[in-house]
Amino acid sequence: MNISFNRNTVTLNGVKDFSLAHTFLCGQCFRWNENDDGSFSGVANGRVIKISAVNDNITLYNTNLQEFNEIWSNYFDFSRNYDEIKKELSKDEIMKRATAYGWGIRILQQDLWETLISFIISQSNNIPRIKQIIERLCESYGDRIFMDGKAYYTFPSYERLKGCVAEDLAHLRAGYRAKYIADAVYKVNSGDVDLSLIKTLPLYEAKQSLMNINGIGHKVADCVLLFGAGRFGVFPVDTWIEKAMRGLYPCVCENEKNIRTAGENIFGRYCGLAQQYLFYYARDNKLKF
DNA sequence: CACCAGGCAAGCC
DNA sequence: GGCTTGCATGGT
């Protein structure tokens with residue numbers, strides 16, 4: 001990968017295993033939006049950037065080389081060799097098809113707190129509405145920043161939200177999830193749940209810690225660990241994955257009550273990424289099982 | 001009008 | 001432990 005830059009853009013040539021659409025539309029993030037020209041704009045790490053692609057040439061706007069090296073290179077997971085992982089995962093024909101279909105998916109290294117709240121909101125909800133609720137949260141409590149004369153809002157820290165109770169969040173229209181958000185705000189601010197440990201604790205303990213928050217069960221905890229803590233050894237099971245696994249891996253799953261452990265056993269240390277290829281493959285094709 | 005959306009907690013057994 | 005039900009809101 002070759003890097004060049006000027007005053008407020010950074011250009012990368014020869015970026016492999018990366019598609020904007022696959023990465024931003026595979027369901028892992030909620031604050032990136034596609035522009036008319038196929039580029040995407042989004043807010044992350046307290047900043048707003050735009051990113052465009054022509055073949056394997058990527059350009060990031062409204063940033064600079066130092067910021068790229070310190071923030072965005074890690075955010076887009078550019079130092080990880082996805083080609084090797086895809087080969088390791090492609091032990092069967094189904095995963096070969098799924099990785100070929102979503103070849104450009106990269107797991108964004110998103111902020112842990114933002115991911116935690118976002119996936120609490122995601123439960124039993126649809127993606128457009130999830131995005132609306134998160135946007136209202138950011139407009140109400142985040143910082144306003146500008147790019148190209150347009151206002152964007154950062155995701156509010158837990159310190160910023162300290163003291164919020166469910167009634168304070170009614171304007172988000174998050175429904176019954178408001179009390180879950182409030183519980184997360186309380187438990188993270190009080191230290192009942194220590195987010196600084198989530199990336200390093202043994203996986204089981206990290207998950208149990210997250211599940212101390214009301215509104216976080218297995219699925220949300222797994223998404224938070226995968227998308228917000230870079231832990232690829234979890235296998236989040238939602239309605240799509242359950243259907244996909246039963247339909248595509250019937251020998252393993254027809255009598256397997258626990259699809260989650262089945263996924264862990266089949267796909268191993270990168271089962272989280274396998275799950276994401278499967279999810280994108282199944283949902284994007286509206287596969288019926 | 002039903003039924004569903006990247007589930008979960010509470011209440012049963 | 002497993003199974004069932006209610007849950008806020010908005011879209012189809």
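**Close-up views of a predicted model**

**View 1. The largest nonpolar core and its best-connected residues.** In this predicted model, the largest nonpolar core holds 74 residues, and Trp 113, Leu 116 and Phe 267 have the most contacts inside it. Helix 14 supplies the largest share of this core, with nine residues. A separate core of 21 residues lies apart from it, with Leu 12, Phe 18, Ala 44 and Ile 58 among its members. As background, nonpolar side chains tend to be buried together in soluble globular proteins.

**View 2. The surroundings of Trp 113.** Here we zoom in on one residue of the core. Setting aside neighbours within four places in sequence, Trp 113 touches Phe 155, Pro 156, Ser 157, Tyr 158 and Leu 161, and also Ala 184, Val 185, Val 188 and Leu 195. Trp 113 is also one of the residues with the most contacts inside the largest nonpolar core.

**View 3. Helix 14 and what covers it.** Helix 14 (residues 271-284) has 14 residues and spans 20 Å from its first C-alpha to its last, close to the 20 Å expected at 1.5 Å a residue. Of its 14 residues, 12 are buried, so helix 14 is largely enclosed by the rest of the structure. The buried residues include Cys 271, Leu 273, Tyr 277, Phe 279 and Tyr 281. Their cover includes helix 1, helix 3 (82-89), helix 4 (93-101), helix 10 (218-229), helix 11 (239-248) and helix 13. After helix 14 comes Lys 286, which has a positive phi near 45 degrees.

**View 4. The packing of helix 13 on helix 14.** Helix 13 (residues 259-267) packs against helix 14 at an angle of about 110 degrees, and their axes are 9 Å apart. Because angles of 65 to 115 degrees count as roughly perpendicular, helix 13 is roughly perpendicular to helix 14. Gly 263, Glu 264 and Phe 267 of helix 13 meet Cys 271, Ala 274 and Leu 278 of helix 14 in this contact. Four of the contact residues are nonpolar, one is polar and one is charged. Look for Phe 267 here too, since we met it among the residues with the most contacts inside the largest core.

**View 5. Leu 25 in its loop.** Leu 25 sits in the loop between helix 1 (20-24) and strand 3 (32-34). Its relative accessibility is 38%, so Leu 25 counts as partly exposed. Beyond its neighbours within four places in sequence, Leu 25 contacts Leu 20, Glu 34, Phe 40, Tyr 280 and Arg 283. Of these, Tyr 280 is a buried residue of helix 14. The C-alpha atoms of Leu 25 and Asp 36 are separated by 15 Å, with the two residues 11 apart along the chain.

Notes
Residues numbered from 1 in each chain as written. Chains lettered and ligands numbered in written order. Predicted model: local features only at pLDDT ≥ 70, side-chain atom pairs only at ≥ 80, totals over all residues. Heavy atoms only, no water. Axes fitted to C-alpha atoms, helices over the stretch in contact; angles between N-to-C directions. Helix = DSSP H or I, 4+ residues; strand = E, 2+ residues; numbered from the N terminus. Parallel < 35°, antiparallel > 145°, perpendicular 65-115°, else oblique. Contact = heavy atoms within 4.5 Å. Nonpolar A, V, L, I, M, F, W, Y, C, P; charged D, E, K, R; others polar. Core = buried A, V, L, I, M, F, W, Y, C linked by side-chain atoms within 4.5 Å. Buried < 20%, exposed > 50% of the residue type's maximum accessible area, 1.4 Å probe, protein only. Expected span 1.5 Å × (residues − 1).
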